[in-house]
Amino acid sequence: MKILHLYYDIMNLYGDYANVSAMQRILEKSGEDCTVDRLSLGDNAVLSDYSFIFIGSGTERNRNVVMDDFHKYKVALKDYINSGKVLLMTGNSFEMLGSLITDAKGEKHEGLGIFNFTVTEQSKTRNTSDAIFKAEFSDKPLVGFVNKCSEIEGITDTIFEVVMGLGNNADDKHEGIRLNNFFGTHLTGPVLMKNPFFLEYMASLVLGDGKSVNTRHLGFEKSGYDVTLSELTKRLNS
């Protein structure tokens, strides 16, 4: 089983590499032989070779540099998403899949156009917030942190309902985007480390039907999640 960490060296904020480490570990604990390829600008990955692909968050400047290179994967990425394989993009990386990004200077950057949403960056402020999000696939809320300067319009298939924190835009109480087993979210933390139940769910998607996920090694992660959720809930209710 192969994992791809794409643009690992330039889209690397918030310790997001740990999402890959967590996925590799849970797959190996579940009985899979698992390797990780780390590829970046100028490399040419065969996306269909991988069972799980991850792209993390970067600065707005780095994201725009990556987007120029990322266009070469447009057709392969559509096929990958339509095939039902698992793709996770965190922070501003998933913004590249929309139709257009207008940056803080007013300059426009063409996205991959896999989705019709548009992104507008603010020039003077960054929005930051701890977060509690609910998801249909989990009976436990997700926790983490959001740090962004963008407003996103036009997403209809969201992942999360916002309990605490920031949605896709100031008027939206929903966050992220999902299609099949593609997940895009601004929730960082890293998200799979802070939310072991989300990690378990995504690993089950990677493994497919008939294979069980071994979560016996996630005791510390689950304890950390419980503490985080408890403290954020106290703050929300105060």
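How many bridges join strand β8 to strand β11, and in which sense do the two strands run? In this predicted model, the answer is 4 bridges, linking β8 (residues 127-135) to β11 (residues 160-164) in an antiparallel arrangement. Within this pair, A135 is found opposite F160 of β11.

These two strands belong to a wider sheet. It is an open sheet of 4 strands, read across in the order β9-β8-β11-β12, and its pairing is antiparallel. The edges are taken by β9 (142-148) and β12 (174-175); each of them has a single partner strand, so one side of each lacks a neighbour in the sheet. A helix accompanies this sheet: α6 (residues 219-237) lies across β8, β9 and β11, and its direction makes an angle of about 110° with β8.

A closer look at one residue of strand β8 helps to place it in its surroundings. S129 sits in this strand. Is S129 buried or exposed? With a relative accessible area of 18%, S129 counts as buried, because the cut-off for that class is under 20%. Leaving aside residues up to four places away in sequence, the contacts of S129 are G144, F145, V146, G165 and L166.

A second open sheet also has 4 strands, but here the order is β6-β5-β7-β10 and the pairing is mixed. Its edge strands are β6 (108-110) and β10 (150-153), each with a single partner strand, which means that one side of each has no neighbour in the sheet. On average, and ignoring direction, neighbouring strands of this sheet are turned by 20° against each other. Strand β7 (residues 118-121) runs antiparallel to β10, and 4 bridges join the two. In this pairing, T120 faces E151 of β10. Helix α2 (residues 60-70) lies across β5 (100-102), β6 and β7, and runs at about 40° to β6.

Towards the start of the chain, a parallel pairing can be followed. Strand β1 (residues 2-6) pairs with strand β2 (residues 35-39) through 5 bridges in the parallel sense, and I3 stands opposite V36 of β2. Between the two strands the chain passes through helix α1 (residues 17-29), giving a β-α-β crossover that is right-handed.

Helix α1 itself has 13 residues, which at 1.5 Å a residue should span 18 Å; the C-alpha atoms at its ends are 19 Å apart, in agreement with that expectation. Which residues of α1 are buried? They are A18, N19, V20, A22, M23, I26 and L27. An α-helix has 3.6 residues a turn, so residues three or four places apart point the same way. The elements covering the buried residues of α1 include strands β1, β2, β3 (52-55) and β4 (86-90), together with helices α4 (191-194) and α5 (196-207). Just after α1, G31 adopts a positive phi of about 100°.

Finally, the cysteines deserve a word. A disulfide is a covalent bond between the sulfur atoms of two cysteines. How many disulfides does the model contain? The count is 0, because no pair of cysteine sulfur atoms meets the cut-off of within 2.5 Å. As for their surroundings, C34 is buried at a relative accessible area of 9%, and C149 is likewise buried, with a relative accessibility of 6%.

Definitions and conventions:
Residues numbered from 1 in each chain as written. Predicted model: local features only at pLDDT ≥ 70, side-chain atom pairs only at ≥ 80, totals over all residues. Heavy atoms only, no water. Buried < 20%, exposed > 50% of the residue type's maximum accessible area, 1.4 Å probe, protein only. Pairing = 2+ DSSP bridges. Contact = heavy atoms within 4.5 Å. Axes fitted to C-alpha atoms, helices over the stretch in contact; angles between N-to-C directions. Right-handed = clockwise from strand over helix to strand, strands pointing away. Expected span 1.5 Å × (residues − 1).
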